[in-house]
Structure formats: structure tokens, C-alpha cells
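Please open the structure in your viewer and keep the sequence beside it, so that each selection can be followed in both places. The tour moves from the whole chain to single residues.

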Amino acid sequence: MDIDISLVGMEKGSQYETIITSLCDDGSKNAAPFGTIAYSKDELMFRIFKTSLTASNIYNRRKFIVNITNNAKIFTLSTIGKLPKEYFTDDKEAILNNCDAYLKCEVETLKEAYKKHDPVKSDGKSYIIKAKVIEIVKNKPCPQIVNRGLYMLIESLVNYTRIDIVDDKLKEYYLDRFSEDQRVIKKVGTKNDKESIEILKNVLEDKGYEIKKFEP
Ligand SMILES: Cc1cc2nc3c(=O)[nH]c(=O)nc-3n(C[C@H](O)[C@H](O)[C@H](O)COP(=O)(O)O)c2cc1C
């Protein structure tokens, strides 16, 4: 089978929000959301904090599943660690039964990384994982994959339509939001998202608004 991650809507260089499912040492199944970077036609990259169960499952087993869904409840329940068993298939492997598509992955490289200026309070240690996609299963013809870039762009567009008619406090809030939206879009967005936020930034600057660099 010729693997091509564009079949599930991934564009090289962009980051998507997906649900990683993995098997634990005791045979139980785990699910949690993680950013998935489209690295090449058949490879994905992840930065996963070592403290997560997913990190240790991947470290131990060297294989895992990337599930594609835009189901808000699956994202929510798996984030808080309360995704019921019924959300998994009967398979031996951990796979979500309600996902639009899933990608079976095998670890190619797993390296420890330390991000000095990470605002997230942990010891800063994570694994940078490069994985080969060995199989793609589509449950729906057009899988709906989540990219935060588009949502942030839409927020920026809505705020743009209001910025001239709100008070100064709200103007300032919109500009701060714009800086953050722009930062995230530059990091995770598709080419189209990145070009769009640039267009919007130029229009805002032409109107005389100052877009500051976002400092977390
Ligand atoms: C949309 C979304 C994306 C996330 N992406 C990442 C990520 O790329 N790396 C990471 O270490 N944690 C990420 N997280 C946080 C993990 O999902 C969270 O730490 C989770 O509790 C880990 O669960 P586990 O211990 O069952 O593996 C993300 C959370 C959400 C909601």
C-alpha cells in the first residue's frame, strides 16, 4: 500500500490535533489528544511530554495509532482521562471506533528533548518522536481533520469586523488576541491559513493598528 498522509487531509509542515491511542503495560487502552506534525508523505512528528502515559506507552511498545476526528466530546473526554471503553473498537490494538480515519504508526526515532523556555510548568522534558505511517484506514471518504489555525483565523476575522466599533479596552484585547492567533497560525497552520493571517495583519496595520509580538 502506498502511504500518503494527504489522503486524510494532512499538508506537509502543518500540525493537526489528533487523538493518539496506545496500549498500556496491563493491556488497557489509552487515548489522549496530541499535536501531529505532517513531516513527509509517510512520516509524522510529535513532541510529547515524558510525564504522559502516552509517552511511556510509545516508549515501551514503539507503536501507536493516530485517530482523526473532529468530535468535540472525544477531545474533551480523552483530555480529562474519562473516555469510556465503548469508544474503542473490539480490536486488540487501541483504536477509536468513531473516528473518521486512523493511521497505524511505528516509531522511527525517539529522542529526548528539553525546551528551556517552555511556559508549561513541567521539568521541560519531552520526547521528539518521528514515526512511520504503516497503514491508513479511512472510515469516512473525507476525514475531518482538526487544525487550530483555521479556528484562530476565523476568530481573528470576526474580531477584525468589530475592532473599529468597540471601546479601547476591547480594541486592546482584540489586538492581543490577534498576536496570539498569528503566533499559533505561523506554527501550526496550513499555507492557506498563513497567507490569510498575513493579509489580515497588513490590513490592520494599514488602518494604523500596532500588532505586537506575543510574549507569553
Ligand atoms: C488539543 C490538544 C493537543 C495536545 N497536544 C499535546 C502535544 O502535542 N504534546 C503533549 O505533550 N501534550 C499535548 N496535549 C496534552 C495531553 O493531551 C495531556 O497531557 C494528556 O493528559 C495526556 O494524557 P495521557 O497521560 O493519558 O497520555 C494536548 C492536549 C490537547 C487538548
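What follows is a series of selections, each with a short account of what is there.

**The whole chain**

Begin with everything selected, and bear in mind that this is a predicted model. The C-alpha atoms of the chain fill a box of roughly 60 × 40 × 30 Å along the principal axes, and buried residues make up 31% of the 216 residues. If you colour by secondary structure, you should find 5 helices and 6 strands, which follow one another along the sequence in the pattern β-β-β-α-β-α-β-β-α-α-α. Among the contacts with a separation of 6 or more, 71% are between residues 24 or more positions apart.

**The two domains**

Next, colour residues 5-138 as domain 1 and residues 148-206 as domain 2, following the domain assignment of the chain. The centres of domain 1 and domain 2, taken over C-alpha atoms, are separated by 29 Å. Where the domains meet, 4 residues of domain 1 are in contact with 6 residues of domain 2. The side of domain 1 that touches domain 2 holds 2 polar and 2 charged residues, and no nonpolar ones.

**Around the ligand**

Now select the ligand together with the 15 residues that surround it, of which the closest are Ala32, Gly35, Ser52, Leu53 and Thr54. Two or more residues of this shell come from each of β2 (29-40), β3 (43-49) and α1 (53-61), and β2 gives the largest share, with 5 residues. By class, the shell around the ligand divides into 6 nonpolar, 7 polar and 2 charged residues.

**Helix α1**

Stay with α1 and show the side chains of its buried residues, which are Thr54, Ala55, Asn57 and Ile58. They cover an arc of only 165° around the axis, and therefore lie on the same side of α1. It helps to recall that an α-helix has 3.6 residues a turn, so residues three or four places apart point the same way. What do the buried residues of α1 pack against? If you show the strands as well, you will find that these buried residues pack against β1, β2, β3, β4, β5 and β6. Just after α1 comes Arg62, whose phi is positive, near 65°.

**Strand β4 and its partners**

Select residues 63-68 to bring up strand β4, which is largely enclosed by the rest of the structure because 5 of its 6 residues are buried. Strand β1 (residues 15-23) runs antiparallel to β4 and is joined to it by 3 bridges, and here Ile19 stands opposite Asn67 in β4. Strand β5 (residues 101-114) also runs antiparallel to β4, with 6 bridges between them, and the bridge partner of Lys63 in β5 is Glu106.

**Ile129 in strand β6**

For the last stop, select Ile129, which lies in strand β6 (residues 125-138). Is Ile129 buried or exposed? Ile129 is buried, because 24 other C-beta atoms lie within 10 Å. Leaving aside residues up to four places away in sequence, Ile129 touches Met45, Phe46, Ile48, Ile58, Val107 and Leu110; one of these, Ile58, is also among the buried residues of α1. To finish, draw a distance from the C-alpha atom of Ile129 to that of Glu112, which is 17 residues away along the chain, and the separation should come to 8.8 Å.

Key:
Residues numbered from 1 in each chain as written. Predicted model: local features only at pLDDT ≥ 70, side-chain atom pairs only at ≥ 80, totals over all residues. Domains from an automatic or database assignment. Contact = placed C-beta atoms within 7 Å. Nonpolar A, V, L, I, M, F, W, Y, C, P; charged D, E, K, R; others polar. Near = placed C-beta within 6 Å. Helix = DSSP H or I, 4+ residues; strand = E, 2+ residues; numbered from the N terminus. Buried ≥ 20, exposed ≤ 12 C-beta atoms within 10 Å, placed from the backbone. Pairing = 2+ DSSP bridges. Arc of directions from axis to C-beta.
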